Amino acid sequence: MEGVAALQATTVAGADLEASFEDFVASHRERARRLAWRLVGGDDAAAEDVTQEALAKAFRGLQSFRGEASLSTWFYRILVRQAHSYRRWRAVRETWHGLWEGDAPDPAPQAHGDPALRRRIARALETLTTPQRDAFVLVHLEGWTVRETAEILGKAEGTVKSHLHRALRSLRRQLGDLAGDEGDGR
Amino acid sequence: MKRAPETRPELDCQDARLVARLAREYAPRPLGPAEREAFDARLRARLERRRLQLLVPALATAAGAALVFLVGRGFAPEPQPAERLAEARPAAAPTPAAEWEALLYAEDVPLAESETLDARALPADYVAISSLILER
């Protein structure tokens with residue numbers, strides 16, 4: 001994590017910057033990929049693309065990073081925006097495919113766990129609005145605090161809490177059976 | 001000043017179980033060591049591509065400017081003094097009409113004897129007209 005601290009300093013440049021960035025990637029790779037995966041609907045390839053693009057943008061922007069927010073908050077804000085961008089592009093692509101080629105294939109056929117349950121959860125998350133989904137994933141699935149989530153999403157804490165409340169109400173209605181025994185939702 | 005505690009939403013038991021289940025089931029498989037290496041290699045390649053992409057427009061602009069400069073120099077006429085331009089221009093061969101024209105407009109050329117005599121033989125108004133044209 002020394003590299004992450006070095007990145008936070010404003011005087012890092014050149015080779016030092018690259019070394020510190022590699023440390024940053026090593027520290028955040030898994031968490032960033034998991035968040036991207038959850039935001040894009042469980043697609044491994046898309047999650048990697050979103051994560052890498054966010055890291056590349058962060059690397060380019062590091063020279064202008066002023067340290068007004070924490071580095072990780074700043075980076076995850078980039079990542080969430082990148083995921084939004086991907087989702088918009090996918091919506092256009094799916095509209096086109098729907099017109100000409102029918103249903104798209106399962107984006108993550110090789111993922112671990114129960115594919116049917118994963119698809120069910122993904123579909124339920126898709127019914128949420130984008131702010132509700134972002135807030136729910138960041139706070140309840142990724143463990144960020146409401147304050148950190150508000151910083152990442154650029155919203156007031158009260159707004160985030162409102163999104164969380166509505167998201168949970170919707171998911172409780174759709175997936176409430178999963179709160180019982182392990183086998184209930186399969 | 002004491003900082004406010006980090007806010008976390010409080011969930012009842014049922015919601016907490018639902019959220020825990022979703023967090024457990026809805027997650028990607030973690031990357032193995034080889035996959036992490038591959039991820040980092042692809043990231044490095046992406047950063048390198050991005051560097052090149054940033055270089056290409058700059059190089060293209062410079063090359064374009066150089067091309068415009070060279071082409072402009074190659075096709076534009078070299079600036080020459082007016083005298084050299086005049087010298088370079090080939091002299092046109094004098095035509096009979098041009099010779100007459102030159103004679104007519106030359107200031108020091110007197111009228112020929114025959115022309116004077118002819119003029120005397122002409123009516124007065126013709127002579128007046130011819131004197132207007134020929135005499136200066």
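**Helix packing in chain A and its contact with chain B**

Residues 24 or more positions apart account for 58% of those contacts in chain A that have a separation of 6 or more.

Trainee: Before we go on, what kind of model is this?

Mentor: This is a predicted model. Chain A has eight helices and zero strands, and chain B comes to six helices and zero strands.

Trainee: How much of each chain counts as buried?

Mentor: In chain A, 38% of the 186 residues are buried. In chain B, buried residues make up 5% of the 136 residues.

Trainee: Let's take α8(A). How do you know what span is expected for α8(A)?

Mentor: The expected span is 1.5 Å times one less than the number of residues. α8(A) has 19 residues, which gives 27 Å, and the helix reaches 26 Å from its first C-alpha to its last, close to that expectation.

Trainee: Which residues of α8(A) are buried, and what puts them on the same side?

Mentor: The buried ones are A:Val160, A:His163, A:Leu164, A:Ala167, A:Leu168, A:Leu171 and A:Leu175. They cover an arc of only 135 degrees around the axis, so they lie on the same side of α8(A). The face turned away from that buried side carries the exposed residues A:Gly158, A:Arg169 and A:Arg173.

Trainee: And what do the buried residues of α8(A) pack against?

Mentor: They pack against α5, α6 and α7 of chain A, together with α1 (13–25) of chain B.

Trainee: Why is α7(A) called roughly perpendicular to α8(A)?

Mentor: The axes of α7(A) and α8(A) cross at roughly 105 degrees and come within 9 Å. Angles of 65 to 115 degrees count as roughly perpendicular, so α7(A) earns that description relative to α8(A). On the α7(A) side the contact is made by A:Val146, A:Arg147, A:Thr149, A:Ala150 and A:Leu153, and on the α8(A) side by A:Glu157, A:Val160 and A:Lys161. By class, that is four nonpolar, one polar and three charged residues.

Trainee: What makes α6(A) roughly perpendicular to α8(A)?

Mentor: Here the axes cross at roughly 90 degrees and come within 8 Å. The range is again 65 to 115 degrees, and therefore α6(A) is roughly perpendicular to α8(A). From α6(A), the residues A:Pro131, A:Gln132, A:Arg133, A:Ala135, A:Phe136 and A:Val139 meet A:Val160, A:His163, A:Leu164, A:Arg166, A:Ala167 and A:Leu168 in α8(A). This contact has eight nonpolar, two polar and two charged residues.

Trainee: Now A:Glu126, please. Why is A:Glu126 called exposed or buried?

Mentor: A residue is exposed if 12 or fewer other C-beta atoms lie within 10 Å of its own. A:Glu126 has 10, so A:Glu126 is exposed. This residue is found in helix α5 of chain A. A:Glu126 and A:Gly41 are 85 residues apart in sequence, yet 7.6 Å apart in space, C-alpha to C-alpha.

Trainee: Finally, how many residues of each chain make the contact between chain A and chain B?

Mentor: Chain A gives 37 residues and chain B gives 27 residues. On the chain A side, α2 (14–39), α3 (44–61), α5 (115–126), α6 (130–141), α7 (146–153) and α8 (157–175) each supply at least two residues. By class, the side of chain A that touches chain B has 18 nonpolar, six polar and 13 charged residues.

Terms used:
Residues numbered from 1 in each chain as written. Chains lettered and ligands numbered in written order. Predicted model: local features only at pLDDT ≥ 70, side-chain atom pairs only at ≥ 80, totals over all residues. Helix = DSSP H or I, 4+ residues; strand = E, 2+ residues; numbered from the N terminus. Buried ≥ 20, exposed ≤ 12 C-beta atoms within 10 Å, placed from the backbone. Contact = placed C-beta atoms within 7 Å. Nonpolar A, V, L, I, M, F, W, Y, C, P; charged D, E, K, R; others polar. Axes fitted to C-alpha atoms, helices over the stretch in contact; angles between N-to-C directions. Parallel < 35°, antiparallel > 145°, perpendicular 65-115°, else oblique. Arc of directions from axis to C-beta.
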